[in-house]
Amino acid sequence: MIVADPKPFGQVKGYLENFDKILVVGCGTCVTVCLSGGEAEVQILASGLRIAFGREGRSKTILEDTVQRQCDEEFILPILDRVANEKIDAVVSLACGVGVNFFADRLGTTPIFPGVNTTFYGAGMEPGLWAEMCAGCGDCMTAHTGGICPVARCSKHLLNGPCGGSEKGKCEVDPANIDCVWQLIYDRLQKLGRLEELQNVLPAKDWRTASDGGVRRSVREHLYRLK
Ligand code: SF4
Ligand code: SF4
């Protein structure tokens, strides 16, 4: 899932100083699961904005909506209609950056502002805790590392073994909270009886499949032909 954190309230309020009719839109997928941009967070942000602007004696209309996915046209069409029909001045999206971009491309002259900071692809570890698992590098190398990703989970993105800061299985960047991924990889390969594979030096990674290679697209040729 895509993980995001709520933006500081004052930052979001600051975006909206010059607008009177504001629609806060949540997304029912990843950001709902990680408790940053679902229906409940829309209600909390909208209530906070009403209270904060009201205390300043400023009358603004703060509206709420939540769609199942902001990254899918069929779900955002009703919001686009609502923005036009109700003459909304500005939209705040609590979706990840994908939703913000997808909306922005379709919103015409209505401004949109992000309500969350999109952080990483991760998984829920414990209630209230999510951890990064994948960096979307476009050429998955976890076949060589027991299914554990050194691109995303090594603080230095080291692809051929640990740095000198690995100690007692912990990463020097934050020993209290981060496992050294190369310890995890070692332990996993040991369990799988594949430790000898660690002696294979992996070639330099081709980062053109990552975002370094420019804006990426994913095509299913039976449905879409690139021009
Ligand atoms: S190697 Fe690349 S695609 Fe595979 S999990 Fe890591 S970042 Fe994601
Ligand atoms: S201690 Fe381990 S996880 Fe941390 S930077 Fe070094 S190799 Fe990467």
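**A tour from the ligand 2 shell outward**

The shell around ligand 2 holds nine nonpolar, three polar and two charged residues. Keep in mind that this model is predicted.

**Stop 1: ligand 2.** Select ligand 2 and show what surrounds it. Which of the 14 residues around ligand 2 come nearest? They are Cys154, Pro162, Cys163, Cys171 and Cys180. Leave Cys171 and Cys180 coloured; both return at Stop 5.

**Stop 2: ligand 1.** Now select ligand 1. Its surroundings include four cysteines to label: Cys134, Cys137, Cys140 and Cys149. Add Ala135, Gly136, Met141, Thr142, Val151 and Ala152 to finish the shell. How does the shell around ligand 1 divide? Eight of its residues are nonpolar and two are polar, with no charged residue.

**Stop 3: the whole chain.** Zoom out. Colour residues 2–119 as domain 1 and 136–198 as domain 2, following the domain assignment. The centres of the two domains, taken over C-alpha atoms, are 38 Å apart. Turn the model along its principal axes: the C-alpha atoms fill a box of roughly 65 × 50 × 25 Å. The radius of gyration is 22 Å, whereas a compact globule of 227 residues would have one near 17 Å.

Switch to cartoon view. You should find seven helices and seven strands. Trace them from the N terminus: β-α-β-α-α-β-α-β-α-β-β-β-α-α.

**Stop 4: the largest core.** Select Val24, Val25, Val31, Val91 and Leu94. These have the most contacts inside the largest nonpolar core, which has 33 residues. Next, show the elements that each supply at least two residues of this core. The strands are E1 (2–6), E2 (21–27), E3 (61–67) and E4 (90–93). The helices are H2 (30–33), H3 (39–55), H4 (73–85) and H5 (97–104). Which element gives the most to this core? Strand E2 does, with five residues.

Centre on Val31. Leaving out residues up to four places away in sequence, Val31 touches Ala4, Ser36, Gly37, Gly38, Leu94, Ala95, Cys96 and Val116. One of these partners, Leu94, is also on the list of core residues with the most contacts.

**Stop 5: the other core.** Apart from the largest core lies another, of 10 residues. Select Cys149, Cys171, Cys180 and Tyr186, which are among them. Cys149 also belongs to the surroundings of ligand 1. Cys171 and Cys180 come among the nearest residues to ligand 2.

**Last look.** Colour by burial: 27% of the 227 residues count as buried. Then draw the contacts between residues at least 6 apart in sequence; 58% of them join residues at least 24 apart.

Definitions and conventions
Residues are numbered from 1 along each chain as its sequence is written. Chains are lettered from A and ligands numbered from 1 in the order in which they are written. This is a predicted model: local features need pLDDT of at least 70, side-chain atom pairs count only at pLDDT 80 or more; totals for chains, interfaces and linings use all residues. Domain bounds come from an automatic or database domain assignment. A residue is near a molecule or strand if its C-beta atom, placed from the backbone, lies within 6 Å of it. Ala, Val, Leu, Ile, Met, Phe, Trp, Tyr, Cys and Pro count as nonpolar, Asp, Glu, Lys and Arg as charged, and the others, Gly among them, as polar. A nonpolar core is a set of buried Ala, Val, Leu, Ile, Met, Phe, Trp, Tyr and Cys residues joined through C-beta atoms within 7 Å. A residue is buried if 20 or more other C-beta atoms lie within 10 Å of its own, exposed if 12 or fewer, and partly exposed in between; C-beta atoms are placed from the backbone. Helices (H or I, at least four residues) and strands (E, at least two) are DSSP runs, numbered from the N terminus. Two residues are in contact if their C-beta atoms, placed from the backbone, lie within 7 Å. The radius of gyration is taken over C-alpha atoms; the globule rule is 2.2 Å times the number of residues to the power 0.38.
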